[in-house]
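Hi everyone, thanks for making time for this one. I'd like to walk you through a model, going from the sheet to the core and then to a few individual residues.

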Amino acid sequence: MPQMTFVEQDGTERTVDAPVGLSVLEIAHKHDVDLEGACEGSLACATCHVVVDPAWADRLDAPTDDEEDMLDLAFGLEKTSRLGCQIVMTEALDGLVVRLPGKA
């Protein structure tokens with residue numbers, strides 16, 4: 001099974017099992033990682049904002065216009081910011097690293 005690493009706000013790295021077909025948001029919830037996801041992955045908020053490690057950013061599909069619109073609402077936006085609900089785990093993403101941005 002693929003794995004991914006969450007870098008928490010305090011810098012703690014947490015590597016977890018990441019089942020293929022689940023979103024980063026769903027994986028976070030499965031492992032009690034503090035990633036809100038208020039709209040439950042319906043692309044109606046930006047509370048699952050993560051910052052993808054630059055080494056992984058180009059391996060992801062480009063964000064849709066809807067995702068980019070929601071990201072405009074996120075606090076602490078960075079060049080590799082994405083919504084966790086829009087990144088779906090595949091075998092090719094085994095080892096993915098995302099950082100949880102600071103809170104407003």
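What follows is a short tour of the fold and some of its residues.

A word on the ground rules. This is a predicted model, so local features need pLDDT of at least 70, side-chain atom pairs count only at pLDDT 80 or more, and totals for chains, interfaces and linings use all residues. Residues are numbered from 1 along each chain as its sequence is written, and side-chain values use heavy atoms, with hydrogens and water left out.

Let's begin with the sheet. Helices (H or I, at least four residues) and strands (E, at least two) are DSSP runs, numbered from the N terminus. Two strands pair if DSSP finds at least two bridges between them. What is the order of the strands in the open sheet? There are five strands, in the order β2-β1-β5-β3-β4, and the pairing is mixed. At the edges stand β2 (13-17) and β4 (81-83); each has a single partner strand, so one side of each lacks a neighbour in the sheet. Ignoring direction, neighbouring strands are turned by 35 degrees against each other on average. For the angle people here: axes are lines fitted to C-alpha atoms, for helices over the stretch in contact, and angles run from 0 to 180 degrees between N-to-C directions.

Now the individual pairings. β1 and β2 run antiparallel and are joined by five bridges. Within that pairing, Q3 has D17 of β2 as its bridge partner, and T5 has T15 of β2. The hairpin of these two strands has five residues between them, and G11 takes a positive phi near 95 degrees there.

On the other side of our tour, β3 and β4 pair in the antiparallel sense over three bridges, with H49 opposite L83 in β4. β3 is also joined to β5, again antiparallel, by two bridges, and here V51 stands opposite R99 in β5.

How do the side chains of β3 point? H49 and V51 go one way, V50 and V52 go the other way, and all are buried. As a reminder, in a regular strand the side chains alternate between the two faces of the sheet. Buried means under 20% relative accessible area, exposed over 50%, and partly exposed in between, using a 1.4 Å probe and protein chains only.

On to the core. A nonpolar core is a set of buried Ala, Val, Leu, Ile, Met, Phe, Trp, Tyr and Cys residues joined through side-chain atoms within 4.5 Å. The largest one has 27 residues, and M4, F6, I87, L96 and V98 have the most contacts inside it. At least two residues each come from β1 (3-7), α1 (24-30), β3 (49-52), α3 (65-71) and β5 (96-99). The largest share, four residues, belongs to α1.

Contact here means heavy atoms within 4.5 Å. Not counting residues up to four places away in sequence, M4 touches ten you may want to click on: R14, T15, V16, A18, V24, I27, M89, G95, L96 and V98.

M89 deserves its own stop. It sits in the loop between β4 and β5 and is buried, at 3% relative accessible area. M89 and Q3 are 86 residues apart in sequence, with 9.2 Å between their C-alpha atoms. Beyond four places in sequence, the contacts of M89 include P2, Q3, M4, A18 and I27.

Is T5, in strand β1, buried or exposed? At 11% relative accessibility, T5 counts as buried. Its contacts beyond four places in sequence include E13, L96 and V98.

Next, the loops. S23 lies between β2 and α1 and counts as buried, with 5% relative accessibility. S23 touches G84, C85, I87 and V88, leaving out residues up to four places away. D32, in the loop between α1 and β3, is exposed, with a relative accessible area of 69%. D32 is not a glycine, yet it has a positive phi of about 55 degrees. L43 lies in the loop between α1 and β3, and L43, also not a glycine, has a positive phi of about 60 degrees.

One last item, for the cation fans: R59 lies over the face of W56, 4.1 Å from the ring centre. A charge sits over a ring if NZ of Lys or CZ of Arg is within 6 Å of the ring centre and within 35 degrees of the ring normal.

That's my tour, and thanks for listening!
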